[in-house]
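Trainee: Could we go through this one together? I'd like to learn how the labels get decided.
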Amino acid sequence: MAVSGFEGFEKRLELHFFGDDPLLMDDNVNNSCNNNMLGLQLGLGLRRLDFDSLQQVLHAVQCTVVSAVGNHYFDSYVLSESSLFVYPTKIIIKTCGTTQLLKSVRPMVHHARRLGLSLSSVRYTRGNFIFPESQPFPHTSFQNEVVFLEDCLPPTLRFRKASVMPSSLSSHSWHVFTASADDGDAVSDDEDEAIFTVEICMTELGAASAAKFFRRPNDGQTPDSAGKEMTEITGIGNIIPRALICDYAFDPCGYSMNGVLGDRYSTIHVTPEDGYSYASFETVGSVYDDKNDLARVLKKVAQVFRPAKMSVSTTSCASPEVWKRVAAALETVGLKCRSCAADEFPAAGTVVYQTFTARRK
Amino acid sequence: MAAAEEGQVVSCHTIEAWNEQLQKGNESKKLVVVDFTASWCAPCRFISPFLADMAKRLPEVTFLKVDVDELKSVAQDWAVEAMPTFMFLKEGSIVDKVVGARREQLQQTVDKHKTSSASA
């Protein structure tokens with residue numbers, strides 16, 4: 001293994017806000033966004049954030065926007081090192097490498113405040129860094145991260161919990177910190193309740209799969225056109241077939257994409273270098289979805305990357321059984337479940353962390 | 001009239017204005033770039049200055065802007081689902097499409113079609 005290479009494992013932050021001033025939350029300019037059919041009575045919220053403010057937040061993290069797109073529900077950004085999703089009252093930032101993600105909390109809370117939005121809950125998750133010694137403060141240890149993060153939070157978020165969920169694989173464990181203004185479920189609306197998040201981390205990618213994420217020298221392509229080609233040849237385009245994909249290929253290797261489908265996002269990031277190859281996949285589902293949807297998606301993800309090791313974390317308030325579907329689906333594509341850990345967190349609900357390894361032929 | 005619009009992005013606020021601009025584009029055989037945008041879409045706001053700058057630099061290309069809430073039927077007819085969506089038209093037919101605020105790709109696609117018109 002290289003002494004130090006690019007850190008694939010991301011840090012992920014999800015911030016929820018609530019509007020304490022209905023006048024500020026109401027956006028008269030946009031009627032279509034306020035109609036009940038779309039369930040966006042709260043208006044534009046965080047989507048009104050101007051580009052300078054957003055760039056200020058991203059600057060603190062050390063990221064820049066490479067492409068962006070919006071639909072009626074949310075705005076999606078592919079960043080220089082990962083992804084950002086902005087919903088009216090929710091923001092999700094996921095960054096890799098040596099970015100300082102937690103430094104985004106203070107400026108984000110500040111800018112949201114100006115829009116009449118207060119922080120109601122926070123969720124920070126990450127896997128095990130491959131090169132922990134390369135991480136800058138506050139990401140030098142989970143303990144430092146938690147101390148730093150807690151310091152950024154208003155005292156109203158008084159229900160807090162930090163935990164490292166173990167696995168049978170030394171290279172994989174799941175770090176979770178959540179904080180909430182509310183103990184129970186009162187904080188989120190019904191729609192949020194039904195949503196679950198699936199975060200997948202894959203290491204030791206199949207050699208043939210990883211090779212597809214390298215650019216050919218002097219291919220004459222732009223990052224966009226090379227990204228589009230990777231989306232096609234790898235089968236990523238078929239994972240969620242109807243999603244609009246914003247893809248980006250890095251030089252000489254690496255890939256990022258955000259998928260947008262209605263109110264759902266999906267995102268993939270790949271660091272294909274041998275010795276520390278890594279890919280992540282993340283999406284959201286609803287308990288009201290067809291039960292087979294998630295299984296289909298997971299199987300395709302496993303087939304695209306063919307990882308030797310894989311961890312899947314599901315976070316859900318209303319559907320703690322989602323994890324069973326994960327294991328059942330992955331077993332059919334040659335991955336064996338090696339460990340399963342579950343824990344409860346304020347506002348986030350149940351987090352189930354499972355690890356899998358490929359059955360050797 | 002046409003001269004006054006050269007060098008800037010022309011917003012089409014009514015169906016009539018939209019049809020008129022399309023017709024003008026067809027007749028001139030110029031490359032027409034249509035920016036489907038929305039007031040609530042932050043990425044649209046980010047790319048807007050870049051588009052204005054391109055319009056200034058490239059008077060030989062017509063740049064139109066359609067707000068998808070203002071001209072709902074147009075957005076529907078053109079199957080616009082995410083914003084910004086840029087449609088590239090030549091003599092009335094769609095020759096290319098870029099979805100999302102992607103400066104490099106936008107510039108490259110404009111260059112590609114603007115040149116092919118010169119050689120035609």
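Mentor: Sure. Look at the hairpin of strand 15 and strand 16 of chain A, which has three residues between the strands: there A347(A) takes a positive phi near 70 degrees. Keep in mind that this is a predicted model.

Trainee: What makes strand 15 and strand 16 of chain A a pair?

Mentor: Two strands pair if there are at least two bridges between them. Strand 15 (residues 335–345) and strand 16 of chain A have 10 bridges, so they count as paired, in the antiparallel sense. As an example, K336(A) stands opposite T357(A) in strand 16 of chain A.

Trainee: How do you know that strand 14 of chain A pairs with strand 16 of chain A too?

Mentor: Use that cut-off of at least two bridges again: eight bridges join strand 14 (residues 309–316) to strand 16 of chain A, so they pair, and they run antiparallel. Over there, V312(A) has Q354(A) in strand 16 of chain A as its bridge partner.

Trainee: Why is strand 16 of chain A called largely enclosed?

Mentor: Because 10 of the 10 residues of strand 16 (residues 349–358) of chain A are buried, the rest of the structure largely encloses it.

Trainee: And why is S82(A) called buried?

Mentor: Buried means under 20% relative accessible area. S82(A) has 1%, so it is buried. This residue lies in strand 4 (residues 82–87) of chain A. Leaving aside neighbours within four places in sequence, its contacts include E10(A), K94(A) and H269(A).

Trainee: Which UniProt annotation covers S82(A)?

Mentor: The unreviewed UniProt entry has "modified residue: Pyruvic acid (Ser)" for S82(A).

Definitions and conventions
Residues numbered from 1 in each chain as written. Chains lettered and ligands numbered in written order. Predicted model: local features only at pLDDT ≥ 70, side-chain atom pairs only at ≥ 80, totals over all residues. Heavy atoms only, no water. UniProt positions renumbered as here; feature names shortened; annotations may be inferred. Helix = DSSP H or I, 4+ residues; strand = E, 2+ residues; numbered from the N terminus. Buried < 20%, exposed > 50% of the residue type's maximum accessible area, 1.4 Å probe, protein only. Contact = heavy atoms within 4.5 Å.
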